Amino acid sequence: MITRSTTVAACMIQLGILHSAALAQTAQPKPGGTVRFAIAEESRGLDPLTAHRRFSETAIHVHDGLALFDTANKPFGSLAKEWSSNPEATEYTIKLRDDVTFHDGTKFNAESVKAHFSRVFDKQYCCNNGHQYMNAYVGTDIIDDYTIKVKFSKPAGTFAFYIGMLDVTGIPSNAAWGSKGMTMNREPVGAGPFKFVSWAPQSNMKFARNPDYKWGSPMLANTGAPYLDGLEVKFIANQATRVACLESGDCDIIKDPNFADMRRLSSNPAFEVVKIPQTGMPYSFVFNTGRFPTDQLAVRKAINLAIDREKINMAAFRGERRPLYSTLAPATPEFWPDATKFIYYNQAEAKKALADAGAKDSNGDGILEIDNKPIEIDLYIFGNRDNNPSVIVAESIQSDLKAIGISTRINVRPWDDQSAVAMREEHNLINFDMPLPTGSVLNVMFNSRETPKPGRYGMSFTYVQKGNAAVSAELDTLLDAGDNAATFDDRKAKFQAAQKLISENYLGVPVVQGFTTYVMIKGLKGVAYNNGGHALFNSAYLEGK
Amino acid sequence: MLPGDPVMHMFAGQYVTAENMALARETLGLDKPIYIRYFEWLLRIMQGDFGTSIVSKRPVADMILSVLPRTLELAVAATLVTVVFGIPAGVLAAIKKNTWVDSALMVVVSLCVAMPLFWFGLIALLFFSVELRWFPVAANAGWSSLVLPAFVLGLQSACMIARLTRSSMLQVLGDEYVTTARSKGLSPWRVVTVHGLRNAFIPILTLLGVQASWLLGGAVITETVFARPGLGTMAVDAIRQMDFPVLQAVVLIAALTYTTVNLVIDLMNAALDPRIVYDTEASKA
């Protein structure tokens with residue numbers, strides 16, 4: 001029985017309508033024109049079944065998901081009008097729109113969603129993102145043509161978030177799937193604002209306006225057909241080339257220019273810069289708590305207090321990021337504001353923490369010792385040695401730690417070695433970047449279940465189960481409870497308690513929070529963004545067209 | 001051998017269960033021993049089947065065919081730039097030996113050879129596309145999208161050819177048969193082209209063959225800077241994404257191209273210079 005209503009979602013939908021009405025009054029959209037949009041990496045495919053990283057970047061133009069979240073993580077309906085769960089969050093009842101037509105002319109209905117979820121869990125399409133995120137999925141019941149019940153084997157509070165992820169709930173045409181099969185990955189048929197036109201591998205994708213579109217999410221200013229005639233997404237891996245494309249007039253909007261160009265373009269009146277704060281766990285390190293000297297709480301605390309994050313931001317990122325003093329980025333829904341009471345910059349306090357723990361420099365070499373063992377740490381960063389901001393970050397940390405008597409060895413490895421380094425437990429500090437839009441990222445990074453093992457990719461690099469079994473057990477319980485919580489408030493409470501435990505035990509070193517950055521010509525108006533930092537062109541138009 | 005586990009790479013940064021990792025490995029056939037996978041690949045190659053990309057799930061042959069014309073187009077245009085600029089510059093420097101023309105050409109050539117291709121490409125892009133707006137950035141088709149990449153890729157190769165042409169010509173122009181040709185009253189043009197260049201051409205042609213493989217390597221950089229699709233970009237992406245089937249196919253094609261080009265060059269050498277005779281059973285007889 002459904003007992004919990006989705007008043008929040010319904011209110012958001014209404015607010016979204018008011019928001020769009022307000023925008024409609026102030027803007028005068030001009031129909032026509034094609035926007036040329038340059039991004040770095042080509043999508044691996046356009047069907048949710050092959051969704052991995054970078055999928056949503058381009059697929060979002062051709063597919064609509066069940067829901068859409070704005071940059072503040074507020075939910076809005078999309079293909080779903082509303083949704084609610086039972087108190088245990090093991091069943092979600094979703095009411096669907098009845099006015100949606102796929103690009104092939106077939107109707108969207110409950111069967112479309114059920115068939116999509118069945119494909120997601122079909123072994124032959126393993127292992128797409130939907131499969132990962134909905135791993136407790138049991139099945140979908142069709143209540144009527146436009147109502148479904150999605151069932152899980154255990155509480156799945158996080159589905160309230162995943163429902164807004166296109167790689168989970170982007171629904172393609174079931175009829176097209178029947179005739180095209182996996183070709184849908186290259187020639188998708190969705191229900192999005194733009195229809196797929198062509199894909200020139202390694203070069204571009206072209207999309208044309210869907211004139212029948214009238215079911216846009218109320219999150220967007222324009223819920224009808226897009227104003228633009230078309231959209232061309234160009235794949236330009238090199239940052240300098242992307243910027244050249246914008247400045248030469250061959251692109252209208254680009255994503256993620258380099259830091260130097262970003263500053264220059266910001267001061268150019270011909271362009272507009274939009275920065276969307278990252279969520280989850282942006283640029284950070286975690287400690288190996290099972291290895292000396294980072295098995296010592298005092299050392300972990302001292303390292304956190306000794307690092308000048310402002311300096312790192314200026315030196316490595318040209319001031320284009322924001323110093324981070326919490327495990328989760330402030331824009332994450334489950335962010336715990338008190339985290340900043342534990343992490344700040346104070347070298348005197350860092351020295352005191354070490355002195356209180358009995359650290360002293362007995363041989364006068366400038367490096368402190370605990371129990372006659374020098375405090376030396378192995379810090380691992382990943383990527384190239386050249387033009388890699390992580391190298392500057394590591395050198396800055398090295399110099400800050402030297403000032404409090406800690407020696408740092410910097411190790412640079414390819415990204416693919418990250419798991420292997422962690423598995424060999426060679427690290428004291430290891431770098432990662434995981435900007436997911438939900439606090440569930442804590443489970444990935446701190447749950448002992450996620451510790452990497454041979455043949456098993458995992459990102460829990462803290463080995464807290466070795467460093468402090470009691471803390472590890474408590475943390476695992478909180479994190480599992482957070483992931484399985486039925487309500488957002490409950491999940492937030494559990495994840496905030498987990499952040500408190502992580503902060504008290506100084507398990508990580510947050511460094512800086514990044515932004516998803518777009519630079520566009522001044523004449524491009526009305527671009528919207530979702531919580532994944534993806535650009536939406538439903539309401540976009542080119543002035544002067 | 002490319003180190004690493006493609007399945008681990010595939011899920012890097014994502015939440016994934018152990019069961020799903022095992023399932024993905026089984027689905028991709030990566031659970032079999034490496035020698036079995038290798039022989040299966042050989043067998044498929046002999047049937048013209050390059051397999052399916054781990055990443056895009058597309059047939060590798062389709063992927064290669066979709067970009068091969070773009071790489072060939074670039075390689076041919078760059079070779080044209082190499083020949084058109086490199087050989088005349090080398091000849092000019094040789095016949096104007098120890099004059100300011102020779103010195104100026106050799107300074108330019110030395111600078112050009114020393115210039116990193118990536119840097120040169122970006123400078124050309126900023127000047128010709130952003131400042132002058134003569135050529136488009138990241139355009140997908142048409143001759144205008146080819147000019148700048150071909151010029152950048154071909155020019156460095158042209159500079160190497162110019163240096164070799166100069167030294168080769170200087171050697172030939174000092175030979176007695178050239179002096180004889182001059183004393184017979186032949187025009188300087190005929191002396192240089194027919195008696196000089198033709199005899200100096202053997203090492204130039206050999207270097208052009210070697211440059212063909214260099215062009216493939218250079219194409220990786222040029223394609224990246226100019227955002228052009230091609231085999232070079234495909235190879236880099238395949239390495240980055242650990243897409244074994246794609247990388248195997250690209251390496252195979254590169255090796256075949258290199259071998260074929262060098263075979264053609266060897267045959268052309270023999271055709272140009274009657275003194276070159278390949279040691280076959282027929283020639284022994």
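This passage describes a sheet, the helices that lie across it, a buried arginine and several salt bridges in chain A. The model is predicted.

An open sheet of five strands runs in the order 18-17-19-13-20 in chain A. Its pairing is mixed. Strand 18 (407-413) and strand 20 (508-510) of chain A form the edges, each pairing on one side only. On average, neighbouring strands of this sheet are turned by 25 degrees against each other, direction ignored. At one end of the order, strand 13 (residues 281-287) of chain A meets strand 20 of chain A. These two strands pair in the antiparallel sense over three bridges. Within strand 20 of chain A, G508(A) is the bridge partner of V286(A).

Two helices lie across strands of this sheet. Helix 10 of chain A crosses strand 13, strand 17 (376-382), strand 19 and strand 20 of chain A. Its direction is at about 5 degrees to strand 20 of chain A. Helix 13 (residues 389-403) of chain A lies across strand 13, strand 17, strand 18 and strand 19 of chain A. Helix 13 of chain A runs at about 165 degrees to strand 17 of chain A.

Helix 10 (residues 297-306) of chain A is largely enclosed by the rest of the structure, because eight of its 10 residues are buried. The buried residues include A298(A), V299(A), R300(A) and A302(A). I303(A), N304(A), L305(A) and A306(A) are buried as well.

R309(A) belongs to helix 11 (residues 309-317) of chain A. This arginine is buried yet has no salt bridge. The nearest side chain of opposite charge is that of D308(A), 7.6 Å away. That distance lies outside the limit, because a salt bridge requires the side-chain nitrogen to be within 4 Å of a carboxyl oxygen. Residues up to four places away in sequence aside, R309(A) touches N304(A), P323(A), L324(A), Y325(A), I343(A) and Y344(A). R309(A) also touches V509(A), P510(A), V511(A) and V512(A). Among these contacts, N304(A) is one of the buried residues of helix 10 of chain A. V509(A) and P510(A) fall within strand 20 (508-510) of chain A.

Over all chains, the structure holds 27 salt bridges. Side chains of opposite charge can pair when their charged atoms come close. Two of the pairs sit within single helices. D490(A) and K494(A) meet in a salt bridge at 2.8 Å, N to O. They are four residues apart in helix 18 (residues 488-504) of chain A, so about one helical turn separates them. D490(A) is partly exposed, at 29% relative accessibility. K494(A) is also partly exposed, at 26%. Salt bridges that share partners join R291(A), E376(A), D378(A) and R409(A) into one network.

The other pair within a helix is D356(A) with K352(A). Their closest N and O atoms are 3.1 Å apart. Both residues lie in helix 12 (residues 347-356) of chain A, four residues apart, and so about one helical turn separates them. D356(A) is exposed, with a relative accessible area of 57%.

A further salt bridge spans separate parts of the chain. K466(A) pairs with E425(A), the closest N and O atoms being 2.5 Å apart. K466(A) lies in helix 16 (residues 464-467) of chain A, whereas E425(A) lies in the loop between helix 14 (418-423) and strand 19 (429-434) of chain A. The pair therefore ties together parts that are 41 residues apart in sequence. E425(A) is partly exposed, with a relative accessible area of 23%.

Key
Residues are numbered from 1 along each chain as its sequence is written. Chains are lettered from A and ligands numbered from 1 in the order in which they are written. This is a predicted model: local features need pLDDT of at least 70, side-chain atom pairs count only at pLDDT 80 or more; totals for chains, interfaces and linings use all residues. Side-chain values use heavy atoms; hydrogens and water are left out. Buried means under 20% relative accessible area, exposed over 50%, partly exposed in between (1.4 Å probe, protein chains only). Lys and Arg count as positive and Asp and Glu as negative; His and the chain ends are not counted. Contact means heavy atoms within 4.5 Å. Two strands pair if DSSP finds at least two bridges between them. Axes are lines fitted to C-alpha atoms, for helices over the stretch in contact, and angles run from 0 to 180 degrees between N-to-C directions.
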